[in-house]
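I opened my notebook and pulled up the model to look around. Here is what I looked up, entry by entry.

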Amino acid sequence: CEPRGVFQDGWWPVKLLLLIGMCICSFAFLPVTAFRYIYYVAAVAAGLFLAAQSTFLIDLGYRGAEALVQRYEETEGAIWKYLLFGVTGIFYVLAVALNILLFARFRQPSSVFLVILNIVLMITVTVCSLLEVVQEANPAAGIFQSAVVSFYSSFVLLAAFTGTLPAEEAAVQLPGASVTIAVMTVLLFVVALFYCSASVGEA
């Protein structure tokens, strides 16, 4: 058993005490001016977290697509093929709907730029996943993974933009957005939890 695995899967009382200690120290001993610098550290850490999360999400997309294709090849049941196409289409429809909502509600130049950049990246990832060079290098690549990533990036933008608005303004501009984001977050958490549990079980 690897030492990293022992610490990662155990030592929960110690990790809980460390977390509580860091929270107490950050509020009791750090001056307010220190949070100006912590902001940049937190921004970098958040970027790394999103990059790692995207990597796991792509891996989840690969596993999901491979599982559906494998079941179709084993049973030749059309339901698996339609399920693969249907889930891919649902993710793309949700991604497009979220970007339309972002365009309609957030008109600041910086927000519009980020939405356009997200759409360009969605198209680029989708086109690249269909290229013959990519298919030869990785036959498992496809638009299923691109659809998952497109939806996730659009959801993260919506959550980030909504989080910058005051509660009253958010209720007016995006009625029901907080509930929708909360539901989507819970669903993503449950999917990630099942995925991590399955990965640990396979290991």
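**Entry 1, V14.** I started with V14, which counts as partly exposed because its relative accessibility is 38%; buried means under 20% relative accessible area, exposed over 50%, and partly exposed in between, with a 1.4 Å probe and protein chains only. I found V14 in helix 2, residues 12–28. Helices here are DSSP runs (H or I, at least four residues), numbered from the N terminus.

**Entry 2, ground rules.** I noted that this is a predicted model, where local features need pLDDT of at least 70 and side-chain atom pairs count only at pLDDT 80 or more, while totals for chains, interfaces and linings use all residues. Residues are numbered from 1 along each chain as its sequence is written, and side-chain values use heavy atoms, with hydrogens and water left out.

**Entry 3, the patch.** I looked up the company V14 keeps: W11, V14, L16, L18, L19, I20, M22 and I24 form a nonpolar surface patch with about 800 Å² of accessible area together. Patch members have over 30% relative accessible area and no salt bridge, and nonpolar side chains (Val, Leu, Ile, Met, Phe, Trp, Tyr) are joined within 5 Å. The areas come from the Shrake-Rupley method with a 1.4 Å probe.

**Entry 4, the cores.** Which residues have the most contacts inside the largest nonpolar core? I listed L98, L102, F106, F151, F155, L158 and F161, in a core of 14 residues. Helix 4 (78–105), helix 5 (109–130), helix 7 (143–163) and helix 9 (177–202) each give two or more residues to this core, and helix 7 gives the most, with 5. Another core, of 7 residues, lies apart from it and includes L57, A65, L84 and V148. A core is a set of buried Ala, Val, Leu, Ile, Met, Phe, Trp, Tyr and Cys residues joined through side-chain atoms within 4.5 Å.

**Entry 5, helix 3.** I checked the span of helix 3 (residues 34–75): its 42 residues reach 60 Å from first C-alpha to last, close to the expected 62 Å, taken as 1.5 Å times one less than the number of residues. Its buried residues are A34, L57, G61, A65 and L68, and they pack against helix 4 and helix 7. E76 follows helix 3 with a positive phi, near 55 degrees.

**Entry 6, the salt bridge.** I found 1 salt bridge in the structure, with the side chains of D59 and R63 meeting at 3.2 Å, N to O. The term asks for a Lys or Arg side-chain nitrogen within 4 Å of an Asp or Glu carboxyl oxygen. D59 and R63 are separated by about one helical turn because they sit 4 residues apart in helix 3. D59 counts as partly exposed at 30% relative accessibility, and R63 counts as partly exposed at 35%.

Conventions
Patch = residues over 30% accessible without salt bridge, like charges linked within 9 Å, V, L, I, M, F, W, Y side chains within 5 Å. Contact = heavy atoms within 4.5 Å.
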